[in-house]
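This report looks at the surroundings of one arginine and then at the ligand site, with the terms explained where they come up.

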Amino acid sequence: MTGFVWPLPSADVVGDLPGGAVLRLRAPVDTDLEGLVVSGRDAGSRRFTGFPENYTRRDAALFLRTMMHDPGAMLWIVDDPDRQGGFGGTVELRLVELNSATVELGYTTAPHLRGRGLMTASVRLICEYLFDYGVHRVQIRANPENLASCKVALSAGFHREGTLRDAEFLRGEWNDLDIFSRLEGDV
Ligand SMILES: CC(C)(COP(=O)(O)OP(=O)(O)OC[C@H]1O[C@@H](n2cnc3c(N)ncnc32)[C@H](O)[C@@H]1OP(=O)(O)O)[C@@H](O)C(=O)NCCC(=O)NCCS
């Protein structure tokens, strides 16, 4: 028995950034649409994710609605640490298997905030929250060429388990994905 119940409470999750600023993962609001569009149109975001070309406000609104109504998914917005209430990124959570209390994370940082440790801190924070609520295993899958994403996983305490061959079909191409995990009790 893991004590794991899905869905988890969709509460704000609050912690600290390495420099001492507040890190807040919160529910999406309409004013996030603009930030989602900027993020979705960014070439660095598009390279390793399924954002369609010319990602629009309508696409972003549909994404938010879909996430809200998907019984197997949850979404937090990373609040911009420089501008309270601003859009700083997304953390997506998906249920992989209820019985083994296993979930998977996906993430994007707003382009103007990349390289400052925001996603590493966000993933660490959300893991604490997940383990508090009985999650046993958290997974991340990332293209091995996506060095920033792989670095986030490793810096947030995940272990690289191996490579899933041709595990993703993106824009007409098959990609390998590295799989990382962090278990409750891992240090
Ligand atoms: C992956 C992503 C979420 C990382 O967000 P971030 O807030 O910039 O992450 P952090 O600052 O916490 O950490 C990034 C790390 O990768 C490193 N990094 C960034 N680009 C890199 C590159 N091209 N080569 C090697 N390392 C790189 C950074 O130096 C940093 O390492 P450090 O902790 O030693 O300083 C962000 O780049 C992003 O949104 N990318 C587009 C969407 C995406 O790829 N999502 C993941 C899909 S699996």
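## A buried arginine and the ligand site

A polar atom of the Arg26 side chain lies 3.3 Å from the backbone oxygen of Gly85. The side chain of Arg26 also makes a polar contact with the side chain of Asp79, at 2.6 Å; a polar contact is a pair of N or O atoms within 3.5 Å, where within protein one must be able to donate a hydrogen and the other to accept it, and residues adjacent in sequence count only if both atoms are side-chain atoms. Arg26 is buried, with a relative accessible area of 5% (buried means under 20%, exposed over 50%, partly exposed in between, with a 1.4 Å probe and protein chains only).

The model is predicted, and local features need pLDDT of at least 70, side-chain atom pairs count only at pLDDT 80 or more, and totals for chains, interfaces and linings use all residues. Residues are numbered from 1 along each chain as its sequence is written, and side-chain values use heavy atoms, with hydrogens and water left out.

Turning to the ligand, 20 residues surround it, and Tyr107, Gly115, Gly117, Thr120 and Lys151 come nearest (near means that a heavy atom of the residue lies within 4 Å). Backbone atoms approach the ligand as follows.

| Backbone polar atom of | Ligand atom | Distance |
|---|---|---|
| Tyr107 | nitrogen | 2.7 Å |
| Thr109 | oxygen | 2.8 Å |
| Met119 | oxygen | 3.1 Å |

The protein covers 70% of the 950 Å² of accessible area that the ligand has on its own (Shrake-Rupley method, 1.4 Å probe).
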